[in-house]
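The following exercises ask the reader to examine a protein chain step by step. Each task is followed by a worked solution, which is best read after an attempt of one's own.

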Amino acid sequence: MLSTHILASIFSKLSQNRTMFLVGLTGGIATGKSTVANVFRELGCPVIDSDQIARQIVQLDSPVYWAIVNSFGQEILLEDRTINRERLGNIIFSDREKRQLLNSITHPAIHKAMLKQVIKYFIQGYRYVILDVPLLFETKKVARFMKHTIVVYCDPQAQLTRLMQRNNLIQEDAEQRISAQMPLEQKRMMASHVIDNSGDPASTYRQVCKLHSQLEDSMDFLAVRLLAVVTVTGFGGLLYMLMKRCII
């Protein structure tokens with residue numbers, strides 16, 4: 001099994017050679033990033049969800065679970081001893097140091113799991129893979145591997161209203177959670193592509209379909225797929241893949 005160090009080294013070299021075809025998807029809280037990710041899934045794109053991985057790595061009695069409990073105390077646990085994500089979220093959104101502490105515990109395990117999935121999807125022959133990462137630009141460790149970055153944007157008032165309704169928050173609490181993140185306008189300026197989710201769902205869907213078509217036209221996926229096959233299976237695996245392609 002490949003180690004995180006080896007995987008990171010592979011992707012670093014690919015990124016430097018501009019042959020790595022990963023697409024980072026991010027946004028702000030309640031801007032509609034999950035909606036956009038679901039559209040990409042409908043279009044047949046593999047989406048690696050860092051939030052989903054984050055939930056998996058903190059399962060009961062996992063190493064990450066105990067690291068969090070030891071750092072934040074038993075009070076973050078529910079009666080069944082699982083982590084109360086809402087309570088933990090309230091702690092980190094109001095305390096920057098504790099937020100950084102949690103990130104230092106969870107991010108290495110999340111990145112390792114994501115890299116393993118990326119290898120799998122490239123070997124399967126996908127043109128590109130979407131990495132759904134809320135803190136894509138904040139951490140920078142993942143962003144440097146992306147060939148393209150997408151920010152899901154909506155106007156500030158719509159973001160505030162959606163967050164208050166979705167999480168049943170008063171305005172002050174919602175504003176605090178938004179201010180705990182990098183400003184959305186700053187993310188918008190850093191991204192290579194922007195999906196404006198301020199309007200109706202049909203408009204968002206059309207924007208995603210258009211971007212998907214542009215990304216599908218790229219052939220950058222081929223080089224990374226060949227390298228991934230060689231890395232995992234050796235040159236015998238590469239020869240088999242090429243022969244199979246020729247026969248088909």
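**Exercise 1: Two paired strands**

E4 and E5 pair in the parallel sense over four bridges. The model is a predicted one.

Task. Determine which residue stands opposite His 193 in E5, and which side chains of E5 are buried.

Solution.
- Step 1. Locate the partner: Ile 150 stands opposite His 193.
- Step 2. Recall the general pattern: in a regular strand, side chains alternate between the two faces of the sheet.
- Step 3. Apply the pattern to E5: His 193 and Ile 195 point to one face and are buried. Val 194 and Asp 196 point to the other face and are not buried.

**Exercise 2: The nonpolar cores**

Task. State how many residues the largest nonpolar core has, and which elements supply at least two residues each.

Solution.
- Step 1. Recall that nonpolar side chains tend to be buried together in soluble globular proteins.
- Step 2. Count the members: the largest nonpolar core has 37 residues. Those with the most contacts inside this core are Leu 22, Ile 48, Ile 68, Ile 83, Leu 88 and Leu 131.
- Step 3. Assign the members to elements: at least two residues each come from helices H3 (50-57), H4 (63-72), H5 (85-93), H6 (96-123) and H7 (136-139), and from strands E3 (129-132) and E4 (148-153). The most, seven residues, come from H6.
- Step 4. Look for a further core: another one, of 17 residues, lies apart from the largest, and among its members are Leu 25, Val 36, Val 39 and Ile 130.
- Step 5. Inspect one residue of the largest core. Neighbours within four places in sequence aside, Leu 22 is in contact with Val 118, Phe 122, Val 129, Leu 131, Phe 145, Met 146, Lys 147 and His 148.

**Exercise 3: Helix H11**

Task. Compare the span of H11 with the expected value, and establish where the buried residues of this helix lie.

Solution.
- Step 1. Take the span: H11 covers residues 201-216, 16 residues in number, and reaches 22 Å from its first C-alpha to its last. This is close to the 22 Å expected at 1.5 Å a residue.
- Step 2. List the buried residues of H11: Thr 204, Val 208, Leu 211, His 212 and Leu 215.
- Step 3. View the helix down its axis: the buried residues of H11 fall within an arc of 105 degrees, so they line one face of the helix.
- Step 4. Turn to the face away from the buried side, which carries the exposed residues Arg 206 and Lys 210.
- Step 5. Identify the cover: strand E1 (22-27), helix H2 (33-42), E4 and strand E5 (193-196) are included in what covers the buried residues of H11.
- Step 6. Examine the start of H11, where a side-chain oxygen of Asp 200 comes within 3.0 Å of the backbone nitrogen of Ala 202.

**Exercise 4: Helix H3**

Task. Carry out a similar analysis for H3: which residues are buried, and what do they pack against?

Solution.
- Step 1. The buried residues are Ser 50, Ile 53, Ala 54 and Ile 57.
- Step 2. Seen down the axis of H3, these residues fall within an arc of 105 degrees, so they line one face of the helix.
- Step 3. The buried residues of H3 pack against strand E2 (47-49), H4, H6 and E3.
- Step 4. The N-terminal end of H3 is capped by Asp 49, with a side-chain oxygen 2.9 Å from the backbone nitrogen of Asp 51.

**Exercise 5: Two charged residues**

Task. Classify Lys 33 and Glu 138 as buried, partly exposed or exposed, and describe their contacts.

Solution.
- Step 1. Lys 33 is in helix H2. Its relative accessibility is 11%, so Lys 33 counts as buried, because buried means under 20%.
- Step 2. Residues up to four places away in sequence not counted, Lys 33 touches Leu 25, Thr 26, Gly 27, Asp 132, Pro 134 and Val 152.
- Step 3. Glu 138 is in helix H7. With a relative accessible area of 26%, Glu 138 is partly exposed.
- Step 4. Neighbours within four places in sequence aside, Glu 138 is in contact with Met 182 and Lys 187. The side chains of Glu 138 and Lys 187 are joined by a polar contact of 3.2 Å.

Notes:
Residues numbered from 1 in each chain as written. Predicted model: local features only at pLDDT ≥ 70, side-chain atom pairs only at ≥ 80, totals over all residues. Heavy atoms only, no water. Core = buried A, V, L, I, M, F, W, Y, C linked by side-chain atoms within 4.5 Å. Buried < 20%, exposed > 50% of the residue type's maximum accessible area, 1.4 Å probe, protein only. Contact = heavy atoms within 4.5 Å. Expected span 1.5 Å × (residues − 1). Arc of directions from axis to C-beta. Polar contact = N/O pair within 3.5 Å; in protein donor to acceptor, adjacent residues only side chain to side chain. Pairing = 2+ DSSP bridges.
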